[in-house]
Amino acid sequence: MSARDEMLARIRRARGDASEGPPVPGSYRVAGEHAPGSDAVVAQLVDRLEDYRATVVRAGGDDVAIGAAVAAALAGRGIHEVVHAPGVPDAWVRGVHVARSDDGTASARDLDAVPAVVTGSVAAVSETGTIALDGGPLCGRRALSLVPDTHVCVVRVQDVVQTVPEGLGRLDPTRPTTLISGPSATSDIELSRVEGVHGPRTLVVVLAG
Amino acid sequence: MSTFLGMPQGRVPGPAADTAVGQLTGDRPFPAAARDALGNTQLRRNLAHATSTIRAKRAAVVGEVPDWEALREAGSAIKADTMARLPELLEQLEANVTARGGTVHWARDAAEANRIVLDLVRATGENEVVKVKSMATQEIGLNEALEGAGITAHETDLAELIVQLGHDKPSHILVPAIHRGRSEIREIFAREMPGVDPGLTDEPAVLAAAARTHLREVFLRAKVAVSGANFGVAETGTLTVVESEGNGRMCLTLPETLITVMGIEKVVPTWRDLEVFLQLLPRSSTGERMNPYTSSWAGVTPGDGPQEFHLVLLDNGRTRALADDLGRTALHCIRCSACLNVCPVYERTGGHAYGSVYPGPIGAVLTPFLTGITGGSDPNDSLPYASSLCGACYDVCPVKINIPDLLVELRAEHTEAHAARHRLPTSEAAAMKAAAWVMADPKRFARVGRAATRGRHGIRQGKPVLPLPPPLSGWTASRDVPSPPAETFRDWWARTRGDRP
């Protein structure tokens, strides 16, 4: 008998007759009390992100205003070269001296030589300070938002929801998805949180709209 | 094979995990290992500091969730439903992973899982792998199996790196180096990390930066990664890894080949189920509203991440636990480690005393359910007694595993297994039998009670005046003896209210 058949047979013997579990109570909150994109959820998202030591910059909703915020955030850090997700509008990176669109050919080593990356995002959850990237054109492939040491991530106000269920409901589980809640961190030394390990040590969130 | 007390008719437990492979058993029973740990003041200081820090953080972030209890109920019910539908869900997971370009392997035990992973790594022609922290691969002893075949396994989680560089063993599910203080970690890095800055200080930020520099080159060149999985979604074939540092993202994203080892109990029915667990897990484990990074992927995505993906589904004693009503609930565990951090026993002994990679309250039940209770001299037989049954673990468990009930059942199972294997009963069993005989008859009980009052002359300040012979001395060695009163309750009642029966 193959390992597969034997394991399935073992599981069926161990499970017994009842092949249905108890009903799952749906009494937890799915939607929050605040509407997506409302002032309340945006304020909460800012609070949570700053608690994680991310930098939050507010910008207008148009591409030019976003581009100005991106350029200012990078210049303030002495960064003049970025790579960006292929679907990022040109206007978002127009103010950066060298901006290359990722065509998927750069190796991890190539990306390691670039100081910063600019991406969009597809959803954000205010209660947990979480931003979702789905590997689509606006967010780029996963390596892109991982290897450079500074990640500038544009979050549109209308994509901000209050709760985790609302946020996950906006995602496609078959896509390669990354949920980001602040810069990389560790609690491995005496359970004290330290920001900045292997992922981007600096996370700048441009909150647009 | 012993039968479980809680095993309903018609259920057949799968085989126990082989304790000779992997890290499910220590070499000494818990009391002996705990005694050494208790004598280590540095260890106790480190543990007290770390567990009190995390307890406070957890309490604060759990307190701000208005529907926490509803989430626990839902988490518990989803897991119960999963266990009831386990074969169908695993077949569905397999079909969806395969449809999206992954390959699914089935491993009956640790040795088979190690062999599968080793063959897959060999097929790539590589001689090193990067690893994301994973309990399943520690359980099966994968690193040792790979090293035995000449393949270097780089642990990339900071705490796992501290353990690996220190030639040490993990002592906590979430923070395997919790037993180390910052100055000890600095010593280990200074001694073992190639090319480390000699001016290294013991600031956590400096130590984390040293780990970043050390591992960056390894990440950039690695061709093969091995991970575990926190969740596997049956309806979509999506695997999820929850982490903090970004080492997980590096391993899951940069290499060409990804091999994920997942216990069969980690499957969940639907993507929506994650909306419950992604709220419960981070707040319970690191005490954060959300962990920094959660990665999900389904099979292979062209142009993004590893182009070869293998999922190894592991039994290794899980079908043994599944047959038992209570043992099954031990499989609900999402490895948050909240129960370790609140346990008065864990806080004093640390994780090494438990012998298994699963320490603390959940380890004291999960390990014996996986490996079996022998009734003989197996160190895991002692684990169900590594508890005061205070119940703090049950209160904090995000999926409401009733650990105290499981401990009591396992103690009963151990008593039965011991009786079945030994002609002479234990002294405890003999005492219980004698007590049952005394209590079976009211006159007999009154007589024995009166006789016991005379025993008070032999006890001073909780200690017997004359040393007791074994086995009684074993009991009094670490406990005070209650002094019997001068008068029994029955005599007192008769004397003061004899006229009012």
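A cavity, in the sense I will use it this morning, is a set of grid points where a 1.4 Å probe fits but cannot get out, and with that in mind let me take you through this structure, which is a predicted model.

When the whole structure is searched in this way, seven cavities of 30 Å³ or more turn up, and the largest cavity has a volume of about 640 Å³. It is lined by 36 residues, and those closest to its centre are K133(B), L174(B), N230(B), V242(B) and R335(B). If we sort that lining by class, we find 16 nonpolar, 11 polar and nine charged residues. Several elements of chain B, namely α6 (135-139), β6 (238-243), β7 (257-263) and α12 (274-285), each supply at least two residues of the lining of the largest cavity.

To place this cavity in the chain, we need the domains. Chain B is divided into domain 1 (30-38 + 325-421), domain 2 (41-318) and domain 3 (427-497), and the C-alpha centres of domain 1 and domain 3 of chain B lie 31 Å apart. Where, then, does the largest cavity lie with respect to domain 1 and domain 2 of chain B? Both of these domains give residues to its lining, and so the largest cavity lies between them.

Let me turn from the cavity to the second largest pocket, which holds about 520 Å³ of space. Its lining is made up of 27 residues, with A33(B), K169(B), G351(B), H352(B) and A353(B) the closest to its centre. Here the classes come out as six nonpolar, 14 polar and seven charged residues. In chain B, α1 (30-38) and α2 (41-63) each contribute at least two residues to the lining of this pocket, and domain 1 and domain 2 of chain B each provide at least three.

I would like to finish with the helices, and with two pairs in chain B. Two packed helices are described by the angle between their axes and the distance between the axes. For helix α3 (residues 68-84) of chain B and α12(B), the axes come within 9 Å and cross at roughly 115 degrees, which makes α3(B) roughly perpendicular to α12(B). The crossing of these two helices, α3(B) and α12(B), is left-handed, and you may remember α12 of chain B as one of the elements that line the largest cavity.

The other pair is helix α9 (residues 182-192) and helix α10 (residues 204-221) of chain B, whose axes come within 10 Å and cross at roughly 30 degrees. Since angles under 35 degrees count as roughly parallel, α9(B) and α10(B) are therefore roughly parallel to each other, and α9(B) passes α10(B) in a left-handed crossing.

Definitions and conventions: Residues numbered from 1 in each chain as written. Chains lettered and ligands numbered in written order. Predicted model: local features only at pLDDT ≥ 70, side-chain atom pairs only at ≥ 80, totals over all residues. Heavy atoms only, no water. 1 Å grid on protein atoms, 1.4 Å probe; cavity = no way out; pocket = protein on both sides within 12 Å on 5 of 7 lines; lining within 4 Å. Points joined across faces, edges and corners; volume = space filled by probe spheres on them. Helix = DSSP H or I, 4+ residues; strand = E, 2+ residues; numbered from the N terminus. Nonpolar A, V, L, I, M, F, W, Y, C, P; charged D, E, K, R; others polar. Domains from an automatic or database assignment. Axes fitted to C-alpha atoms, helices over the stretch in contact; angles between N-to-C directions. Parallel < 35°, antiparallel > 145°, perpendicular 65-115°, else oblique. Left-handed = near helix turned anticlockwise from the far one by under 90°.
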